Amino acid sequence: MGNKLLPGCRLGELEAAITLLLDKLDDEVLSHPQKTLKQHLLGVYQGCSALSKRYQLPLPEETICLMALLHDIYKADARFQRYIRKEGEGVPHALPSAWFAFLMGIEKGMDTFEALLAGEAIRRHHT
């Protein structure tokens, strides 16, 4: 499949679903001050993918893709967006992002263990 958003990614339904999701994030949705969520997620994916190849990690590409591209997806929530703009309280994002990634992986036919591994890595990415 491959596309401009995720170069080198060839994951069929999972890639299509994540690409559609990322395409819907506009430039107003931030992950950090002065950084869009889309920029952040794509940068993390590129870094993880490069490290995986460099160190020959025994992880399927779809697991890396799911972990990296969805690890902060819940930051798109309106409450987090108010928080990042210093207009409201913070909202936890790791657990909801983990659940979302796990369920998307399962729905798109991913191996249950790999989807669970991705979800757990996301859940604990700040600990």
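**Group meeting talk: a walk through one chain**

Let me begin with one residue, Gln81, which, once residues up to four places away in sequence are set aside, touches Glu28, Val29, Leu30, Lys75 and Ala76. What you see on the screen is a predicted model, so please hear everything that follows as a description of that model. Gln81 sits in helix α4, which covers residues 78-84, and with a relative accessible area of 9% Gln81 counts as buried.

From that one position, let me step back to the whole chain. Its secondary structure comes to six helices and two strands, and if you read along the sequence, you meet them in the pattern α-β-β-α-α-α-α-α. The radius of gyration is 14 Å, close to the 14 Å that the globule rule gives for 127 residues, so the chain is as compact as a globular protein of that length. Taken along the principal axes, the C-alpha atoms fill a box of roughly 40 × 30 × 30 Å. If we count only contacts between residues at least 6 apart in sequence, 60% of them join residues at least 24 apart.

Now, how much of the chain is buried? Of the 127 residues, 41% are, while the area that the chain exposes comes to about 7400 Å², with carbon and sulfur atoms supplying 58% of it.

That brings me to the interior. In soluble globular proteins, nonpolar side chains tend to be buried together. Here the largest nonpolar core has 24 residues, and the ones that touch the most other members are Ile18, Leu22, Leu25, Leu41, Leu66, Leu69 and Leu70. Two or more residues come from each of α1 (13-23), α2 (37-54), α3 (61-70), α5 (94-107) and α6 (112-123), and which of these gives the most? The answer is α3, with six residues. To take one core member by itself, Leu25 is in contact with Leu37, Lys38, Leu41, Ile73 and Ala76, leaving aside its neighbours within four places in sequence. Ala76, you may recall, is also one of the residues that Gln81 touches.

Finally, a word on the cysteines. The structure holds zero disulfides, and why does Cys48 not form a bond with Cys65? The closest cysteine sulfur to that of Cys48 is the one in Cys65, and because the two are 10 Å apart, they are too far for a bond. Their surroundings can be described as well: Cys48 is partly exposed, with a relative accessible area of 33%, whereas Cys65 is buried, at 0%.

Definitions and conventions: Residues numbered from 1 in each chain as written. Predicted model: local features only at pLDDT ≥ 70, side-chain atom pairs only at ≥ 80, totals over all residues. Heavy atoms only, no water. Disulfide = S-S within 2.5 Å. Buried < 20%, exposed > 50% of the residue type's maximum accessible area, 1.4 Å probe, protein only. Core = buried A, V, L, I, M, F, W, Y, C linked by side-chain atoms within 4.5 Å. Helix = DSSP H or I, 4+ residues; strand = E, 2+ residues; numbered from the N terminus. Contact = heavy atoms within 4.5 Å. Rg over C-alpha atoms; globule rule 2.2 N^0.38 Å. Areas by Shrake-Rupley, 256 points an atom, 1.4 Å probe, with all protein chains shown as cover.
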